[in-house]
Amino acid sequence: MTDGVNILPATPPDCPCIFQAPALLHDPLTGMLNKHGFVTEGNRILKALSTNGGNAILIYMELNNYDGLISRLGYDAALILLATIRNRMEMAFGRGALLARFDSERFAALLPDASTEVEGLIRLVEAPLRVDNTVCHLSLSCGVASFQDAANSMDMLIMAARSARQEALCSRRQIGWYADALRRKLARQRALEDGLWFARSGAGMSLMYQPKIDIRAGQMFGVEALLRWQHPEFGAVSPTEFIPLAERNQTIVPIGEWLMREALRQKHIWRQQGRSIHLSINVSPMQLQPDNCAPSVLEILTEECRRLGLERDMLELEITEGLLSNEEVMTQVKAIATEGFGIAIDDFGRDHSALSLLVNCPATTLKIDKSFVDNVVENERQLAVVQFIVALARRLGMRTVVEGVEHLMQLVALADAGCDYGQGYFYYRPLAAQQVLDLRHKH
Ligand code: C2E
Ligand code: CA
Ligand code: CA
């Protein structure tokens, strides 16, 4: 189907969806149920299903190229497009389906038959169409969840279908099914989030320290503190898994406070043992929000430094480059820098932030992301970018640290490019505090 396919009027057809609802529950542009209407009506249906043991599936759909399509069409043509989508959904999913448009590009269908072959129906909705001489190619990404597998309410069913879609997007599939694997993943996330509440004051948490080496002198310059969590049920959980969850449920604020005090306590112990070691601590954006009611990062740093007699210029906070554009956070970061603490920009080059943000940035260190290091040997253009970053950092008075150095040849290339410090498995993996002390004999 291509030219002149199913161009249908924008008005609701004669036989609307069999589940009728009051006007306030409708999307004004398509006449379909809106999200509120869909949830209200859907819950009524689910209640009936749970008493008679029936099943249903929910298909959640997003039109991937919605903004592009709408900006190419005029208002009237956009209405025709939306009406066509409604008509196609009615034809594809049938009279027994409850259909909705949540907002702009988001649609949903609740189908009474859980054995429906979804792929074919999606293809019907997606077939290209011509509106006002413009050929529109629709592209949907979808998540499917079944009532018996996933939920006891519409809210949960929608959430499950959306997670399934998200999961499918990550693995570049068009349709994702809320299945066992996803249910297990969400259950694990919930259990980890609960566990983080118990770990708020450091229970099960510990720190490892990864050395940073002065590339030319071959000497250890300092360490970065890295958080570790031993969950009572799941064992060691990677920070790449639990930090985002701690950010989501905001436990990162008390955990971050615990880890700062713990790292500073360790630095103090090293000093008592005769080693003055430069220390970097990762801070997450939420710890730098002015409105969280815990003591601020600056308050914790100044209090501990006073109590333990630590030198401020031997301490550094690592923030990610994405924060440079956040004015509220940068106000805090500048205050911390003004008080004499170092600031490092972590993972520099991983995201796409503007170089102009460096102009007013108080950072003293630029940490060049591992992705630049990985193919610096094979790819001369990659090396050229590293050389450029190093030159820029130098002009701005920052030292450079390259992260994730794993091989000697990488190190040689990076040394030639002028990088100051290296960190990575080539030198050391993260170490326990005592092992850092033992490095005295090596460096
Ligand atoms: P990051 O700050 O970029 O930390 C570097 C990560 O790369 C660490 O993983 C480290 O173990 C790993 N790494 C170091 N050298 C190499 C190498 O040569 N090859 C490879 N493949 N990896 C290397 P880790 O400890 O699992 O931490 C992962 C991320 O979790 C950190 O990335 C950071 O974003 C976050 N994180 C860790 N500790 C903390 C913390 O105390 N606070 C906060 N807010 N985030 C933390
Ligand atoms: Ca870091
Ligand atoms: Ca990093």
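Q: What makes the approach of Asp346 to ligand 1 a polar contact?
A: In this predicted model, local features need a pLDDT of at least 70, side-chain atom pairs count only at pLDDT 80 or more, and totals for chains, interfaces and linings use all residues. Residues are numbered from 1 along each chain as its sequence is written, chains are lettered from A and ligands numbered from 1 in the order in which they are written, and side-chain values use heavy atoms, with hydrogens and water left out. An oxygen atom of ligand 1 lies 3.1 Å from an N or O atom in the side chain of Asp346, and because a polar contact is a pair of N or O atoms within 3.5 Å (within protein, one must be able to donate a hydrogen and the other to accept it, and residues adjacent in sequence count only if both atoms are side-chain atoms), this pair qualifies.

Q: Which other side chains have polar atoms facing ligand 1, and at what distances?
A: Glu406 places a side-chain N or O atom 2.6 Å from a nitrogen atom of the ligand, while a polar side-chain atom of Glu403 lies 3.5 Å from an oxygen atom of ligand 1. On its own, ligand 1 has 790 Å² of accessible area, and the protein covers 81% of it.

Q: How do you know which residues surround ligand 1, and where do they come from?
A: A residue is near a molecule if one of its heavy atoms lies within 4 Å of it; 21 residues surround ligand 1, the closest being Gln210, Leu227, Arg228, Glu406 and Tyr425. Strand S9 (219-231), helix H8 (239-248) and strand S13 each supply at least two residues of this shell, and S9 gives the most, with four.

Q: What makes Asp346 and Glu403 donors of the calcium ion (ligand 3)?
A: Donors are N, O and S atoms within 2.8 Å of the metal (3.2 Å for Na, K and Ca), and sites may look incomplete because water is not among the atoms. The ion is coordinated at 2.2 to 2.5 Å by Asp346 (OD), Asp347 (OD), Glu403 (OE) and Glu403 (OE), and these distances therefore fall within the limit for Ca. Asp346 in strand S13 (residues 342-348) and Glu403 in the loop between strand S15 (399-402) and helix H14 (408-416) are 57 residues apart.

Q: Why is Asp346 said to bridge two calcium ions?
A: Asp346 (OD) is also a donor of the calcium ion (ligand 2), alongside Glu224 (OE), Asn282 (OD1) and Glu318 (OE), at 2.1 to 2.3 Å. The residue therefore meets the donor criterion at both ions, which lie 3.8 Å apart. Along the sequence, the donor residues of ligand 2 are spaced E-x57-N-x35-E-x27-D.

Q: Is Glu318 buried or exposed, and how is Asn282 classed?
A: Buried means under 20% relative accessible area, exposed over 50%, and partly exposed in between (1.4 Å probe, protein chains only). With 1%, Glu318 is therefore buried, whereas Asn282, at 25%, counts as partly exposed. Asn282 belongs to strand S11 (residues 278-282) and Glu318 to strand S12 (residues 315-320), 36 residues apart. Asp346 and Glu403 are both buried.

Q: Why is Arg101 classed as it is, and what does its side chain contact?
A: Arg101 has a relative accessible area of 5% and is therefore buried. Its place is in strand S2 (residues 98-103), and a polar contact of 3.1 Å joins its side chain to that of Asp27. Of the 443 residues of the protein chain, 51% count as buried.

Technical notes: Accessible areas come from the Shrake-Rupley method with a 1.4 Å probe; for residues, only the protein chains shown count as cover.
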